[in-house]
Each structure stands twice: as C-alpha cells, then as structure tokens.
Amino acid sequence: MPETQVTKAPPSLLYMVKQVELVVRAHLDELVRPSGITALQYTSLTVLERHDGLSAAQLARDSFVTAQSIADLVRSLESRGLVRRERNPRNRRELLILLTDAGRALLARHAGPVRDLEERMVRDLTVHQTEQFRQALAKAWHALS
C-alpha cells in the first residue's frame, strides 16, 4: 500500500501573532534592560510620548496592562523621574501622567535600537508589503477592539 502523506495544517494566526509578540518583547526587554526598565514600562513611555497627559485608566488601556498593574508601573517610573503626575485642570479629582525630560531622553537613547529591531523584523518584506502588514495588523486590532 502506498504511504499516505498527512499535511499538517499551518499554525493559526493567533498562534503566530503570539509568537511575534513574545519574540519582540524578549528583544525589547534586552534592549531596554541597561536603562533599568522593562518592555512594558518602555511601551507606557512611548504611549505618553504620543499622547502626553493621560489618566491612569487611559494609559493602562493604551499600554495593554490592567488598571491595577499600571499603578505599580507608574509608581516605578515616577520614582525614577521618568514620569510625573499632576491634577487635571478640568477634573481636579483626576491625576494625569506626563512624560518628564528624563523620560524623553531615555526614549531618545533607545529610538535607534528599537527602530533597528523593527526594521530587522520586516527586512524580508518590501516597503509595500510592510505597509500592507501594518494595515492588516491595524484592521485585526480594530476588529477585536
């Protein structure tokens, strides 16, 4: 009898996205470790760089962490002088989290290596494929948000 070849199904997209996330996070942790921060803290700083003056709840959502986790994360960044908190002038009960000059300097130091990591991730893609990849990821995120 002839042997039957069994073709394996390719891994699911969810599995592949998780693989990419884990390897990116490992590389990012390695890049920022000399500055004494984690990839999650770095992500929060980049969120503030794009949208300074967020509430803790907004920063948690945009940084992909829980509201409970963001409190510890912000405390740690604040103790290192990378962020500061101040009252929201429109809602005195709310504290806004802002990036400090030291936080901006840390991000500037890591901008090149992080850009190199991203370029390494897509180096086998054309510029057009990279843009399609970016759009596909954005659509996937919106579909689940």
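# A tour of salt bridges and one unusual loop residue

Begin by selecting Phe64, which counts as exposed because its relative accessibility is 63% and the cut-off for that class is over 50%. The model on screen is a predicted one. Phe64 is found in the loop between helix 3 (56–63) and helix 4. Display the backbone here: the phi angle of Phe64 is near 65 degrees, a positive value in a residue other than glycine.

**Helix 4**

Proceed to helix 4, which comprises residues 67–79, and select Asp72 together with Arg75. These two side chains form a salt bridge, with 2.5 Å between the closest N and O atoms. Along helix 4 the partners are three residues apart, about one turn of the helix. How exposed is each partner? Asp72 has a relative accessible area of 48% and is partly exposed; Arg75, with 43%, is also partly exposed.

**Arg84 and Glu86**

Next, select Arg84 and Glu86. Their side chains meet in a salt bridge, with an N to O distance of 2.2 Å. Arg84 counts as partly exposed at 38% relative accessibility, and Glu86 is likewise partly exposed, its relative accessible area being 34%. In general, side chains of opposite charge can pair when their charged atoms come close.

**Helix 6 and its network**

Move on to helix 6, residues 127–144, and select Glu131 and Arg134 within this helix. Which interaction joins these two side chains? Glu131 and Arg134 meet in a salt bridge at 3.6 Å, N to O. This pair falls within the definition because a salt bridge requires the nitrogen to be within 4 Å of the carboxyl oxygen. The two residues are separated by about one helical turn, because they lie three residues apart in helix 6. Glu131 counts as partly exposed at 36% relative accessibility, while Arg134 is partly exposed with a relative accessible area of 46%.

Keep this pair selected and add Glu118. Glu118, Glu131 and Arg134 are linked in a network of salt bridges.

**The whole structure**

Finally, return to the full view. How many salt bridges does a search of the whole structure find? The search finds seven, among them Asp72 with Arg75, Glu86 with Arg84, and Glu131 with Arg134.

Technical notes: Residues are numbered from 1 along each chain as its sequence is written. This is a predicted model: local features need pLDDT of at least 70, side-chain atom pairs count only at pLDDT 80 or more; totals for chains, interfaces and linings use all residues. Side-chain values use heavy atoms; hydrogens and water are left out. Helices (H or I, at least four residues) and strands (E, at least two) are DSSP runs, numbered from the N terminus. Buried means under 20% relative accessible area, exposed over 50%, partly exposed in between (1.4 Å probe, protein chains only).
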